[in-house]
Amino acid sequence: MRTLSNLSIGTIIIYTDQSNPHTEFVVLDTFSNQFGIFVNIMNLESKTIEPKNANTRLDSRWTIS
């Protein structure tokens with residue numbers, strides 16, 4: 001199964017569920033700290049950066065653009 005850590009910088013991914021019908025993110029970078037490995041993704045609508053666990057699975061709610 002694909003995870004966020006498998007994506008390269010600049011990849012656009014789309015998250016869809018009932019409360020977020022079409023939210024686009026772009027992969028910025030990967031970093032690690034004492035809590036694990038994380039991927040920074042930026043919400044393209046709000047321009048906010050969100051760290052997500054690098055092991056987050058890209059299931060049916062995620063689409064790689």
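Contact means heavy atoms within 4.5 Å of each other. The views below show a predicted model, in which local features need pLDDT of at least 70 and side-chain atom pairs count only at pLDDT 80 or more, whereas totals for chains, interfaces and linings use all residues. Residues are numbered from 1 along each chain as its sequence is written, and side-chain values use heavy atoms, with hydrogens and water left out.

**View 1. Ile-14 and its surroundings in strand E1****.** Ile-14 belongs to strand E1, which covers residues 12-15 (strands, E, are DSSP runs of at least two residues, and helices, H or I, of at least four, numbered from the N terminus). With residues up to four places away in sequence not counted, Ile-14 touches His-22, Thr-23, Glu-24, Arg-61, Trp-62, Thr-63 and Ser-65. Ile-14 has a relative accessible area of 10% and therefore counts as buried (buried is under 20%, exposed over 50% and partly exposed in between, with a 1.4 Å probe and protein chains only). Val-26 lies 12 residues from Ile-14 along the chain, and 8.7 Å separates their C-alpha atoms.

**View 2. Thr-23 in strand E2****.** Thr-23 is placed in strand E2, residues 23-33. Its relative accessible area is 12%, so Thr-23 is buried. Apart from neighbours within four places in sequence, Thr-23 is in contact with Ile-13, Ile-14, Tyr-15 and Asn-43. The link between Thr-23 and Ile-14 thus appears in this view as well as among the partners of Ile-14.

**View 3. The five-stranded open sheet****.** The strands of the sheet follow the order E4-E3-E2-E1-E5, and their pairing is antiparallel (two strands pair if DSSP finds at least two bridges between them). E4 and E5 occupy the edges with a single partner strand each, so each has one side without a neighbour in the sheet. Strands of a sheet pair through backbone hydrogen bonds, in a parallel or an antiparallel sense. Between E2 and E3, eight bridges make up the antiparallel pairing. Phe-31 stands opposite Phe-38 of E3.

**View 4. Aromatic pairs of the structure****.** Three aromatic pairs are found in a search of the whole structure (rings of Phe, Tyr and Trp, the last by its six-membered ring, pair with centres within 6.5 Å; planes under 30 degrees apart are stacked, over 60 edge-to-face and the rest tilted). One of them joins Phe-25 and Trp-62 in a tilted arrangement, at 6.0 Å from centre to centre and 50 degrees between the planes. This pair connects distant parts of the chain, since Phe-25 in strand E2 and Trp-62 in strand E5 (residues 62-64) are 37 residues apart. Both Phe-25 and Trp-62 are buried. Phe-31 and Phe-38 form a stacked pair, because their ring centres are 5.6 Å apart and their planes are at 25 degrees. Tyr-15 joins Phe-25 and Trp-62 in one aromatic cluster.

**View 5. Phe-38 and its partners in contact****.** Phe-38 is located in strand E3. Leaving aside neighbours within four places in sequence, Phe-38 is in contact with Asp-29, Thr-30, Phe-31, Asn-33, Lys-52, Asn-53 and Ala-54. Phe-38 is buried because its relative accessible area is 17%, whereas Phe-31 is partly exposed at 29% relative accessibility. The C-alpha atoms of Phe-38 and Trp-62 are separated by 17 Å, and the two residues are 24 residues apart along the chain.

**View 6. The two salt bridges of the structure****.** The structure contains two salt bridges (a side-chain nitrogen of Lys or Arg within 4 Å of a carboxyl oxygen of Asp or Glu). In one, the side chains of Lys-52 and Glu-50 meet at 3.7 Å, N to O. Lys-52 is partly exposed at 29% relative accessibility, and Glu-50 is partly exposed at 24%. A salt bridge also brings together the side chains of Arg-61 and Asp-59, at 2.9 Å from N to O. Arg-61 is partly exposed with a relative accessible area of 37%, and Asp-59 is partly exposed with 27%. Lys-52 is also one of the residues in contact with Phe-38, while Arg-61 is among those that Ile-14 touches.

**View 7. Lys-47 in the loop between strands E3 and E4****.** Lys-47 lies in the loop that runs between strand E3 (36-43) and strand E4 (49-53). Although Lys-47 is not a glycine, its phi is positive, at about 65 degrees. The relative accessible area of Lys-47 is 54%, so this residue counts as exposed.
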